[in-house]
Amino acid sequence: MIGASMNLTDTEVAAAAALAGAEVVRARYGRLHSRIDKGAGDFATDADLAAEEAILDVIRAARPGDAVHGEEGGRQGVADAEREWLVDPLCGTLNYATGSQLVAVNVVLRNGPAAVADPFSGEVFLADGETARVRSGMPGEERPLAPTADTRLVDVNLDPPFPSAPGFRAVDLLAHPGFVENFRPRVVSTTLALAWVAAGRRAAYVTDGGDLSGSVHFAAGIALCRAAGCVVTGIDGGPVGPVGPVGPGGSGGSGLVAAANAGTHELLMSMIGGRGRTG
C-alpha cells in the first residue's frame with residue numbers, strides 16, 4: 001500500500017489527501033464539536049484537527065521527504081525540505097460549526113498541483129499547473145473547468161481583518177452603483193467560492209488581505225483559478241504573490257480578485273479604484 005501511494009503523481013496525492021480530509025469532515029458533521037480558541041474570534045474544532053491528521057497521513061505515506069504546513073499543526077516534516085504542502089483541513093470552520101455545509105478541504109503543493117474537496121457534494125477540484133478539472137466520482141469521471149461570468153454572482157469575503165481600509169472596504173464595493181447594476185452579491189468566505197469561479201458557478205471572488213499566494217486558506221483556490229484561465233490579481237491590480245518560488249517571507253499583491261474573464265475583472269477593478277491588469 002505504501003509503495004503504491006509513493007507511485008502517485010503529485011496531483012493524485014493532493015486529491016487523495018483532500019478526499020481523506022473530506023471524509024472526516026463529512027463523518028463528523030452535525031455533532032457537538034469541541035472548540036479550540038485561536039484568538040481574535042477564530043477557533044478550530046475537533047473536526048479540523050482530525051481532518052488535518054488524515055490529510056497528513058496520506059502525504060507522509062506518499063511523500064515522506066516533503067514538509068507539510070497545516071493550518072492547525074504548523075510546519076512539520078524534514079526541516080530543509082525543498083517541497084512543502086499547504087493544508088487547510090476545514091476551510092469554513094464557522095460555517096461547519098453552525099451546521100452549514102459550505103466548507104472545503106484544501107491541499108496544495110507550493111507552486112505545484114492543488115486539490116479542493118467539497119465534503120458534501122463529493123466533488124474534488126484539481127489543478128496540475130496547466131489544466132483544471134473537477135472529479136465527481138471515479139478518477140475517470142472528470143471534466144474540465146470552464147469559467148464564465150454568466151451567473152453574474154460575485155462572492156465577497158466580509159471577514160476581518162481589513163488591512164486595506166480605508167482605501168478598500170468590501171462593504172463599499174457591495175454598495176457601489178456599478179456593482180448593483182452588473183452583479184449580484186454572495187457571501188461564502190470559503191475556498192468553495194474560488195473553485196466555483198473556476199467552474200463557472202461564480203463570476204468572481206473578491207477579498208482583502210496581504211499576499212495570499214502562500215496561505216493555506218487561498219493557495220489551492222488560486223491555483224485552480226489560474227489553471228482554469230481565470231484572471232487573478234490583488235485588489236491593487238498587481239500580481240498575487242512574488243514571481244518565482246514563494247518563500248515564507250515573500251511579498252506579493254494585496255488581497256485577491258479572481259474573475260472568470262478579463263471584462264469582469266476590469267469592471268470590478270474600476271469599482272475598487274485600481275487598474276485592471278492580468279496576472
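These questions and answers walk through a predicted model of a protein.

Me: How many helices and strands does the protein have?
Reply: Start with the secondary structure. It includes both kinds of element. The count comes to 15 strands and 9 helices.

Me: Why does the protein count as being as compact as a globular protein of that length?
Reply: Compare two values. The globule rule gives 19 Å for 279 residues. The protein is close to that, so it is as compact as a globular protein of that length. Its radius of gyration is 18 Å.

Me: What does the C-alpha trace span along its principal axes?
Reply: There is one value for each principal axis. The C-alpha trace spans about 55 × 40 × 40 Å.

Me: What percentage of the residues count as buried?
Reply: A residue is buried when its relative accessible area is under 20%. The protein has 279 residues to sort. The buried share is 51%.

Me: How much area does the protein expose, and what share do carbon and sulfur atoms supply?
Reply: The protein exposes about 12,100 Å². The carbon and sulfur share of that is 54%.

Me: Among contacts between residues at least 6 apart in sequence, what percentage join residues at least 24 apart?
Reply: A contact here means heavy atoms within 4.5 Å. Take the contacts between residues at least 6 apart in sequence. The share that joins residues at least 24 apart is 62%.

Me: How far apart are the centres of the positive and negative side chains?
Reply: There are 32 negative side chains and 22 positive ones. Each set has its own centre. The two centres lie apart by 4 Å.

Me: How many salt bridges does the structure hold?
Reply: A salt bridge needs a side-chain nitrogen of Lys or Arg within 4 Å of a carboxyl oxygen of Asp or Glu. The total in this structure is 17.

Me: Which helix holds both D57 and R60?
Reply: These two side chains form a salt bridge, at 3.8 Å from N to O. D57 is partly exposed at 43%, and R60 is partly exposed at 37%. They sit 3 residues apart, about one turn of the helix. That helix, residues 46-62, is α3.

Me: How many residues apart are R143 and E123?
Reply: R143 and E123 pair in a salt bridge, with N to O at 3.8 Å. The pair links distant parts of the chain. R143 is in strand β10, while E123 is in the loop between β7 and β8. Their separation along the chain is 20 residues.

Me: Is E123 buried or exposed?
Reply: The cut-off for buried is under 20% relative accessible area. Its partner R143, at 40%, is partly exposed. E123 has a value of 10%. So E123 is buried.

Me: Which residue forms a salt bridge with R133?
Reply: R133 counts as buried at 19% relative accessibility. The partner is partly exposed, at 31%. The closest N and O atoms are 3.6 Å apart. The partner is D128.

Me: Which residues are linked with D10 in a network of salt bridges?
Reply: Here the salt bridges join up into a network. Besides D10, the members are R63, D66 and R83.

Me: Why is helix α8 largely enclosed by the rest of the structure?
Reply: Look at its residues, 219-228. The buried ones include I222, L224 and C225. Helix α8 is largely enclosed because its buried residues number 9 of the 10.

Me: Which residue follows α8 with a positive phi?
Reply: Step past the end of the helix. The phi there is positive, near 95°. The residue is G229.

Me: Which residues does T264 contact, leaving aside neighbours within four places in sequence?
Reply: T264 lies in helix α9. At 7% relative accessibility, T264 is buried. Its contacts are A149, F183, A203, A204 and A259.

Me: Is A175 buried or exposed?
Reply: A175 lies in helix α5, residues 170-175. The cut-off for exposed is over 50%. A175 has a relative accessible area of 56%. So A175 is exposed.

Me: Which residues does S189 touch, not counting those up to four places away in sequence?
Reply: S189 sits in the loop between β12 and α7. Its C-alpha atom is 18 Å from that of V124. The residues S189 touches are V156, N157, L158 and D159.

Technical notes:
Residues are numbered from 1 along each chain as its sequence is written. This is a predicted model: local features need pLDDT of at least 70, side-chain atom pairs count only at pLDDT 80 or more; totals for chains, interfaces and linings use all residues. Side-chain values use heavy atoms; hydrogens and water are left out. Helices (H or I, at least four residues) and strands (E, at least two) are DSSP runs, numbered from the N terminus. The radius of gyration is taken over C-alpha atoms; the globule rule is 2.2 Å times the number of residues to the power 0.38. Buried means under 20% relative accessible area, exposed over 50%, partly exposed in between (1.4 Å probe, protein chains only). Accessible areas come from the Shrake-Rupley method with a 1.4 Å probe; for residues, only the protein chains shown count as cover. Lys and Arg count as positive and Asp and Glu as negative; His and the chain ends are not counted. The place of a charge is taken as NZ of Lys, CZ of Arg, CG of Asp or CD of Glu.
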